[in-house]
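Trainee: I have this one open and would like to go through it with you. Can we take it piece by piece?

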Amino acid sequence: MILRPRVGDHKVIGKYTGKILVGVGLVTTIPLVTALIYGEWETALDFGLTMMIFLIVGFGLQLLLRSDEDLDWSHALVVAAGSWILVTILGAIPYWLSGHYSSYLDCMFDVMSGYTTTGLYLLQDLDHVSYGLNMWRHIITFAGGQGIVVIALTFLLRGTGGAFKLYAGEGKDERLVPNVVHTARAIWIVSLIWLAGGTAALGATALWLGEPPNLAFLDGMWVTMGGWSTGGFAPMSYNTFWFHSLAFELISIIIFIAGSLNFALHWAVWTGDRREIRRNIETVSFATTVTLTLILASYGLAKAGLYPDALNFFRKAFYQIASGHTTTGFGTIYSRAFVTQWGPIAMVAVTLAMAIGASACSTAGGIKGLRVGLIFKAVTQDLRRLISPESAVVTQRYHHIRESVLENTVVRSALTITVLYVIMYGVITVIGLLYGYDLVPAAFEGVSAASNTGLSCGVTAPSMPDGMKAAYIISMWFGRLEFMSVLALGAYAYAAVRGR
Amino acid sequence: MTRRRFVTIVACLALCGGLLAWFVVSNPGPQPSLSSNPTTGERPAVSGSPSSTELVEHPARWDGKIIAFVGEAVSCRMVRGSYAWIHLNDDSYAERSVEDGGGLTGYNSGQAVWVPASLTSQIATYGGYRDQGDVVRAVGVFHAACAEHGGDMDIHAGALVIEQPGRAIPHPLQLERLVWLLVLVPVAGLLWWLYDTMSWRQRSR
C-alpha cells in the first residue's frame, strides 16, 4: 500500500525549498550590481524584479509552511529535485524580460542548461546582450556547478541531520570534512580560489591577446566560470574559438580539467596528499578513456584529412575531446563543423567521451570515471575468478581517497546508475530520430544534453521542436541529479495523488 | 596503481595523438595571393560573396578561394603585432540587433577575419549591447582549417571597406517595470521581516 504524504511532509519540503529559493535569489545581486556598474539600467531593473520574486516566493513558502521537523531521506530528495524546477522557472524571468528569447520554454531551457552546467543555449543574438545578462548566464552555471543546495547550505542552513541528506540529494555524497555545512563551505573555498586564479590567468592572457582591459577581465572571469563549472557557456557566440590562441586554450583546458575532478580529490591535494592525483581510480580511468577516445577521434580526423599540420591536428582533436570528456562543452570549431568537417567517426568519439563524463562529486556530468573504473575492476575480478582455482578467494581493491575492497553492493550501485544513463542516452537519441534528425547528430546532441556537456553539432537551435526542447530539459535535469532525486519526486507526486 | 603505470598512461595520451597526427602530415597546397599580378597589374578575381552559413556548411567548396565577406564588426578588435583579429557577423542582427528592436531570427553567425591592424583603425564602432557595429566588407582568402592559426576557420583579408557606419542603440528606462519593482520591494521586505520575527520568536521559545 502506498501511503499518502502527510501535511507535515509538505510543510518540511516547502520550508526547505523556500530556503533554497532565497539563497538563489540572493545570487541575482551579482548580475544586478554588474548591470549597475555598466549603467545598464534596463537590465538592472530586470534583475531587481527577479530578486524580489525569488524572495517573495522563498519567504512566502517558509511562512506558509512552517515546520520544526528535520528532513528525512525522501524529503531531501524531493526538495533537491523540486527546488531545481522552481529555480528554473523563476531564474528564467530575466531571460524573458531581455527579449532575446522566442518563448518562456526557451528561457527555461537556458536556465536548466546553466544550472546543470550543460552549456547548450537558445538565447538569440548573444553578441548583443548586456554585461548584466551575460553575468547571469555565467553565474548560474558557476553556482550550478557547486550545486544550488550547496549555496543554501553555505549561507542559510545550519548543520542539521537533514542537511547532509539534502546535499546528497543533489548528487554529491563526499564529505570533505565531517560537518556537511563545512563541506559545502570547503567546496566554495576551492571553487573561489580557482575562480580568482583562472580569472587572473585568462584575463591577463586575453589582455595580451589584444582585448581591452575591461573586456579582458570579464571574459577571463566568464570563461573561468564556464570552465571550472564544466558548463561551457562563453561570452560570445564564437565560444572559445573567439580568442584564436593556443595559450588561452591551454589555460582553459587546465581549468576545466580541474573542475571535472572530484572535490574530495581537490581537498586531498589541498591538505597535502598530492599522490592522490595519480593513485585515484577516477584520474586513472579518466586518463585511459581520454586516450582511447582521442585515438578514435584522431582516426576519424585523419580519414577526413582536415588538419594537415600535426600540431593543429592534435590541438583541435585534444581540445574537443577533453572538453567533451570533462562535459565542459567549450569548442574551438563551429558547431556545424562537427558534421561538415569532422565526420561521423570523430563525432562518435566525442559522443563516447561525453557519455563517460568526468568525476563523481565534481561539477561534471555523465556516467563518471569512478563508475567506469569500478565496473572495469569488477570485470577484471570476474575474469581472475574464472582462471583461478575454485577454492581461491579473489579480492579486488581500488583507491578512491582511501584504499577499499571492491564489494558487490558498490558494483551494483555503479551498474544501476550506469544502466540508467545508458537508457537515458538511448531514449533521448530515439526522440531525436523520431523528430527526423540523423542518427549520429541525434546521438551526439542527445548525449551532450543528458551528460550535461553542451557541445552542439547544430541540432539545438531556437527553431528546434518544443518537444525536443522539453526532452532535453528533462534529460539535463535527470543527468545532473543522477536520477534518484527526480525519481523520488515522481514517487512523491504519485503518492500524493494515489496514496491512502 | 603504480606511479610507473600512471606515467605510462599519461605518456600514451600525448604519444598516440602525436603519432596519429603524423599520418596526416602533408604540405598545404599553394595559396592564392591577394596582391596584384606583377606583370599584368591585375587584381586577383573574387570567387564570390558566400554567407557564413554557406562557408560552414560547404567549407571545402570555398577553401583557398578569394571571397568577399560582409558583416557587422562585433565586440572589439584584437591586435596581435601588425595584424588583428576582427569578427564579422552576417546574420540578420547585423542590420538591426535585438537590442535595437530587431526580430528574433536565430543564433548569431559570422566569420573570424585576420587583417592588417592598420586597416582596422577605420572601424569606429563595434557591435554590442550599446551599439550597432559598423558593417564591413572584407576581401581575402578563406581557409577551412587555417594552418597558420591552429586549424581555425578564418578569412585572411587584404582589404576592408566600411559599408555602413555603426550607431548607438538607445535603451530607455521602462517605467512599467520600475513601477512593478517599487511595488514588489516592500512586499519582499515585509515577508523577510515577518520571517525574521517568527524565526526569532521560535528560537527564543
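Mentor: Yes. Keep in mind that this is a predicted model.

Trainee: What ipTM and pTM does the model score?

Mentor: The ipTM is 0.89 and the pTM is 0.90.

Trainee: And what pLDDT does chain B average?

Mentor: Chain B averages 86, and 78% of the residues score at least 70. Over residues 16-31 of chain B, though, the pLDDT is below 50. That stretch still has 33 contacts in the model beyond near neighbours in sequence.

Trainee: How many helices and strands does chain B have?

Mentor: Five helices and eight strands. From the N terminus on, the order is α-α-α-β-β-β-β-α-β-β-β-β-α.

Trainee: How much of chain B is buried?

Mentor: Buried residues make up 37% of its 205 residues. As for contacts in chain B between residues at least 6 apart in sequence, 61% join residues at least 24 apart.

Trainee: Let's do the strands. Which strand does β3(B) run antiparallel to over seven bridges?

Mentor: That is β4(B); β3 covers residues 83-89 of chain B. Two of the pairs to look for are Ile86(B) with Val113(B) and His87(B) with Ala112(B).

Trainee: Is β4(B) enclosed or open, and why?

Mentor: Six of the seven residues of β4(B), residues 110-116, are buried, so the strand is largely enclosed by the rest of the structure. β3(B) is mostly covered too, with six of its seven residues buried.

Trainee: In what sense do β4(B) and β7(B) pair?

Mentor: Parallel, over two bridges, with β7 at residues 154-164 of chain B. Val113(B) has Ile155(B) as its bridge partner in β7(B). Val113(B) is also the partner of Ile86(B), which puts Val113(B) in bridges to both β3(B) and β7(B).

Trainee: Back to β3(B). How do β1(B) and β2(B) pair with it?

Mentor: Both are antiparallel to β3(B). β1(B) is joined to β3(B) by two bridges, and Ala73(B) pairs there with Leu88(B). β2(B) has three bridges to β3(B), including the one between Arg80(B) and Tyr83(B).

Trainee: What does the turn of the hairpin of β2(B) and β3(B) look like?

Mentor: There are two residues between the strands, and Gly81(B) takes a positive phi near 70°.

Trainee: I also flagged Ser75(B). What is its phi?

Mentor: It is positive, about 65°, although Ser75(B) is not a glycine. Ser75(B) sits in the loop between β1 (66-73) and β2 (78-80) of chain B.

Trainee: Is Ser75(B) buried or exposed, and why?

Mentor: Buried, because 22 other C-beta atoms lie within 10 Å and the cut-off for buried is 20 or more.

Trainee: Changing topic to chain A. What span would be expected of α17(A) if it were straight?

Mentor: A straight helix of 20 residues would span 28 Å, at 1.5 Å a residue. α17(A), residues 337-356, spans only 23 Å between its end C-alpha atoms.

Trainee: Where does α17(A) bend?

Mentor: At Gly343(A), by about 115°, with a proline, Pro344(A), following within four residues. α17(A) is also mostly covered, with 14 of its 20 residues buried.

Trainee: What comes just after α17(A)?

Mentor: Gly357(A), which takes a positive phi of about 75°. Further on, in the loop between α17 and α18 (369-387) of chain A, you find Cys361(A). Cys361(A) has a positive phi near 50° and is not a glycine. It is buried, with 22 other C-beta atoms within 10 Å.

Trainee: Now the interface. How many residues of each chain are in contact?

Mentor: 71 residues of chain A are in contact with 66 residues of chain B. On the chain A side, α3 (41-64), α14 (276-279), α15 (281-304), α16 (310-325) and α17 each supply at least two residues. α3(A) gives the most, with 13 residues. By class, that side of chain A has 39 nonpolar, 21 polar and 11 charged residues.

Trainee: Last one. Where is Val284(A)?

Mentor: In helix α15 of chain A. Val284(A) is buried, with 22 other C-beta atoms within 10 Å. Measuring C-alpha to C-alpha in the model, Val284(A) and Ser456(A) are 27 Å apart in space and 172 residues apart in sequence.

How values were computed
Residues are numbered from 1 along each chain as its sequence is written. Chains are lettered from A and ligands numbered from 1 in the order in which they are written. This is a predicted model: local features need pLDDT of at least 70, side-chain atom pairs count only at pLDDT 80 or more; totals for chains, interfaces and linings use all residues. The expected span of a helix is 1.5 Å times one less than its number of residues. The bend at a residue is the angle between axes fitted to the seven residues ending there and the seven starting there. A residue is buried if 20 or more other C-beta atoms lie within 10 Å of its own, exposed if 12 or fewer, and partly exposed in between; C-beta atoms are placed from the backbone. Two residues are in contact if their C-beta atoms, placed from the backbone, lie within 7 Å. Ala, Val, Leu, Ile, Met, Phe, Trp, Tyr, Cys and Pro count as nonpolar, Asp, Glu, Lys and Arg as charged, and the others, Gly among them, as polar. pLDDT is the predictor's confidence in each residue, from 0 to 100. Two strands pair if DSSP finds at least two bridges between them.
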